[in-house]
Amino acid sequence: MNVIANKWIGQRTIRPDGADKVTGRACYAADNTMPGMIWGKVLRSPHAHALIRSIDTSKAEKLPGVKAVVTAKDLVEFPVDKPVPLGIQDMRWMSRNIMAREKALFHGHPIAAVAAINEEVAAEACKLIEVDYEVLPHAIEIEDAIKPHAPILHDFVRFEGKPSNIAGTMVNKVGDVEAGFAEADIVIERTFTTRPVHQGYIEPQACTVSCTADGKVTIWSSSQGQFMVRAMTSFLTGITQSNIRAIPAEIGGGFGAKTIIYLEPLATVLAKKSGRPVKMVMTREEVMRATGPTSGSRSTVKIGAKKDGTLVAAQGTFYLQAGALPGSPLRGPVGCSFSPYYIPNILSTGYDVVSNRSKVAAYRAPGAPLGAFAAECVIDEICEKLGLDPLEFRLKNSSKEGQKAVYGATFGKITFEETVEAALKHPHYKAPLDKNPRPGVKRGRGVASGFWFNAGGESSAQVNITEDGNVAVTTGHPDVGGSRASIANVTAELLGIDHSRISVLIGDTASIGFSNLTGGSRVTFASAIVVTQSTEKVIGQLKERAARIWKIDPDAVTWENGEARPAGPNAGKFPPLSLEDLAAKANEMGGPIGAGTQLNTTGADPGFATHIVDVEVDVDLAIVRVLRYSAVQDVGRALHPSYVEGQIQGGVVQGIGWALSEEYLFDKQGKLENAGFLDYRMPVCSDVPMIEPVMLEIPNPKHPQGVRGVGEAPIVPVLAAITNAVHDALGKRFCDLPLSPPRVSAALDAAAE
Amino acid sequence: MTETRYLAAQTLDEAIGAYAAAAGAARILAGGTDLLVQMRSGVLRPGLIIDVKKIEEMTAIVPKADGGYWVGAAVSGAVLAEHKGFAATWPGVLEATNLIGSKQVQGRASIGGNLCNASPAADSVPALVAAGAVASIQGPHGRRELAVEHLPAGPGRTHLKPGEVLVGFTFPAHPKGSGDAYLRMIPRTEMDIAVVGLGVNLTLAGGKVTAARVGLGAVAPTVLLVEDAAKALIGSSLDERALDAAAAACRAACKPINDKRGTIEYRTKVAGVLLKRTALIAAERAGRK
Ligand SMILES: Cc1cc2nc3c(=O)[nH]c(=O)nc-3n(C[C@H](O)[C@H](O)[C@H](O)COP(=O)(O)OP(=O)(O)OC[C@H]3O[C@@H](n4cnc5c(N)ncnc54)[C@H](O)[C@@H]3O)c2cc1C
């Protein structure tokens, strides 16, 4: 069903969580307090790589005010030879990530945790824990981790039969690339690097955990999935899921990173040992040292085309940093880099490289931006060499319905071409650009496209009619980007009542059915499906009640504008019954009105984005600034346009930071030097122009409202679009990000010599 | 876990008395935008904090009969910006001061704190050096004056003696035909620390530079007065050759480090670029056509 009469869908309604957030009332993870609560703190490794010979906690335990101390031996140990999957995570690695076992694997790796009457005592106790380390040589960058005789992080990791830091590979393949390249008139091959970048959420990880005498655990924390919090805590502590209740707090950003946890299992064992509720809050420094980021990468991409611009072969080899434990998002670059295009021969290979830095976490379209960076820069160069317009080139080579993607799926009706056509027609693409506006200043324009899988998956919703005839909707997804507002619009539309009569809440793990993570651009897509089905069930119940009151057949009742009405003159003549009327009579007519739906949703077709950007370079200072940015994307149906635009703008800004300024800097001992927002340079507001989201609304036929996931695709093209624009401005191709002033300056000076 | 005491001194004597008595365990608090950050991050844990914002002399801005100015060490950036006379006379010092942090930080941050915190990248300091500002210092043994460029001793260290407080700054009279300016290079547009900061103060007569001072920050352990750059400018009409020579002098003065904020090569190059840009702005303010 496609909703056509749209009174609420597509409206910029006031978000249900808005007033609380702007007035400081919203309760984030760190805002929770409990009677008798104590504070937990983590002792972290001061070495990038070291054997832990012994840990002596006795002095810390004796410090007055200390209530509990835990180390890895208080958590479940998983043997390394057998995978323990939970979603895309492996609990073998998660358990070693939240607490070091035999080895400290990065500077900042948790070694022990303490709970004490206040933060100061807890910090003091951490200092009293004696750890006997044997410091080992470390490797941080990919080159250092994969070279011969590199320090090996894990004895159990083998590659081609030998100890290695390559912990995994992934290969996607179609056709025969060698034969493809043989047919090509032009072949370009380049190697690119990107740096790991942090998700940069404003809210540091935090939780409060209570463990009662009868073994019931309650967790208050912010995450991208309370069910993930429950399951992962259960795995890592050995407490059954039925004894754990995870209550989601408001979340101050996650961008993928809060699809895993760090503190909850530690706070749980501390609470269990001490018998007191335990609160833990990371500092920004801890967030930077020990959570996230996404992978840094080293990619070699080779693409072949005919003179007329027909793509014939592509090969991509992607090395991704996993951090200290296996599990980088290989699927991103391997599956996405070439997927906008029909290319008959593709070989795409990914390598998962472990090194002595914090374990990576998901970040917006995990891995896809770094792959697209490589592929879309090579395509730009091919267009330049062949003298073809880069957007026309994309149209000519676009993937189409019925073609098989390199990652295995066969495309349905996809809408890449539509994004390129819209970009071609957009005034931005046609606007003249003065490439030399002032002495010492150059300007350039670049384009790039991007692909993201999108996802469906498990979601649950309950829609209840209150006794006074209003509506309470409960879903199981933390709202990171405005999903409550979208769900309110959908429910108001379907029920035909005023938006303000609907309240949308996020249930905890005990009050709503299982719902998978808020991630993969899935929440609005999936929760709109389960909310629609629940609401339709409720409308069915309302019609039945009216039929019973009127003593006519339920089929003879329609639901219109928030009222039950006889379907036509034959049904009889009755005054309409409103939601309030029916709610008032609910109990005598069969009981409370409400319905739930729990589904594994499908039909989330992929997302495509095409971006145009103008940059300006201060040549002497080598500063690149973004002047104008237009981001075209097929969003299916924008249930709430403001939050769709917000997703697009946010994705682009994060991409700008990745392209121009963000990077991790380590000292010689492997300690992060810029563990804070001052020197980890995310863009500030004045660094970016107003980003123009160009939303195409081509309804997804597999979704009741036509929704398509929108959160991730907009970060995918940005790195390449900006780098291509810088090439247009300076005539130089950059392959290494970020395009920070010292790096651009050095390249310009080298070219001048 | 030591307690921290707080004293809001009403007079300079009270502040100095308490400061000297605490023998190293005390810290002066002006705006606190460095001090409190350092305390929260665990770098510092003073036993006594002496707030100097209630001391009149330290929060006053006083025009002098000769055209010069007295500016108290604890005057905040926001208050300085509201003083029309100072803003008209020393636009370069003011723009450097107002670059510190954000609106919120401006309500607190002082130039005295900026100087005494002794960061080589402190924004107001190159402009103060270029202006020829003189620091008034008072301690248990009396008052002394010191040119601003001689106050920092190295990153985080000053030449203030135990018990000495920086009371304020004397700005010389600014002759007709003078102008000053400050530029810094930061990778972002705001909320960043200078990779290089450069202040120029010059006087023009008949299209020729008759006096010049150049202050250069973030390229050495302390902010530098670059006398060779000033020499290259004096006597010139700020032609390309003079600017090139002054830029070369700035590059030669650099003794930077490679760090998270910039490379040696980049910092050195930028020092030259900023000299040219800043000198032209100062000249324009001095009335150059
Ligand atoms: C968010 C943020 C952004 C910032 N951005 C910038 C920036 O862009 N550029 C920049 O240069 N700085 C920046 N800073 C640093 C800081 O704001 C400045 O150095 C500011 O000028 C310090 O002044 P204050 O009055 O707050 O000093 P305080 O913190 O009060 O004092 C600084 C130090 O000087 C000592 N001190 C202060 N006054 C005296 C005195 N009269 N006599 C003796 N000792 C004294 C104190 O004991 C302390 O050690 C930033 C800080 C923050 C928090």
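# The ligand site and two sheets of chain B

Visitor: In this predicted model, how many residues surround the ligand, and which are the closest?

Guide: A residue belongs to this group if one of its heavy atoms lies within 4 Å of the ligand. With that cut-off, 31 residues surround the ligand in this predicted model. The closest are B:Ile28, B:Thr33, B:Asp34, B:Ser110 and B:Asp123.

Visitor: How do the residues of the shell divide into nonpolar, polar and charged, and which elements of chain B each supply at least two of them?

Guide: By class, the shell around the ligand holds 17 nonpolar, eight polar and six charged residues. As for the elements, at least two residues of the shell come from each of four stretches of chain B, namely β2 (26-29), α2 (35-40), α8 (111-116) and β10.

Visitor: Which residue has a polar backbone atom 2.8 Å from an oxygen atom of the ligand?

Guide: Three backbone contacts may be set side by side, with 3.5 Å as the limit for a pair of N or O atoms. For B:Gly101, a backbone N or O atom lies 3.0 Å from a nitrogen atom of the ligand, while a polar backbone atom of B:Asp192 is 3.4 Å from a ligand oxygen atom. The distance of 2.8 Å to an oxygen atom of the ligand belongs to a polar backbone atom of B:Ala30.

Visitor: What share of the ligand's accessible area does the protein cover?

Guide: The reference is the ligand on its own, which has 990 Å² of accessible area. Of that area, the share that the protein covers is 90%.

Visitor: In the three-stranded open sheet of chain B, what is the strand order, and which strands are at the edges?

Guide: The pairing in this sheet is parallel, and the strand order is β1-β3-β2; the twist from one strand to the next averages 25°. An edge strand pairs on one side only, and in this sheet of chain B that describes β1 (5-8) and β2.

Visitor: Which residue of β3(B) stands opposite B:Arg27?

Guide: Strand β3 of chain B, residues 48-51, pairs with β2(B) in the parallel sense over four bridges. Within β3(B), the residue opposite B:Arg27 is B:Ile49.

Visitor: What angle does the direction of α1(B) make with that of β3(B)?

Guide: Helix α1(B) packs on the parallel sheet and touches β1, β2 and β3 of chain B. Its direction and that of β3(B) make an angle of about 165°.

Visitor: What is the order of the five strands in the other open sheet of chain B, and where does α1 touch that sheet?

Guide: The pairing here is antiparallel, in the order β4-β5-β10-β6-β7, and the edge strands are β4 (61-63) and β7 (142-147) of chain B. Neighbouring strands are turned by 20° against each other on average, direction ignored. Helix α1 (residues 12-21) of chain B packs on this sheet with its direction at about 65° to that of β6(B), and the strands touched are β6, β7 and β10 (165-171).

Visitor: Which residue of β7(B) is the bridge partner of B:Gln138?

Guide: Strand β6 of chain B, residues 134-139, pairs with β7(B) in the antiparallel sense over six bridges. In β7(B), the bridge partner of B:Gln138 is B:Arg143.

Visitor: Turning to chain A, what is omega for the cis peptide bond from A:Gly292 to A:Pro293?

Guide: The loop between α9 (284-290) and β17 (297-305) of chain A contains A:Pro293. For the cis bond from A:Gly292 to A:Pro293, omega is near -15°.

Key
Residues numbered from 1 in each chain as written. Chains lettered and ligands numbered in written order. Predicted model: local features only at pLDDT ≥ 70, side-chain atom pairs only at ≥ 80, totals over all residues. Heavy atoms only, no water. Pairing = 2+ DSSP bridges. Axes fitted to C-alpha atoms, helices over the stretch in contact; angles between N-to-C directions. Contact = heavy atoms within 4.5 Å. Polar contact = N/O pair within 3.5 Å; in protein donor to acceptor, adjacent residues only side chain to side chain. Areas by Shrake-Rupley, 256 points an atom, 1.4 Å probe, with all protein chains shown as cover. Nonpolar A, V, L, I, M, F, W, Y, C, P; charged D, E, K, R; others polar.
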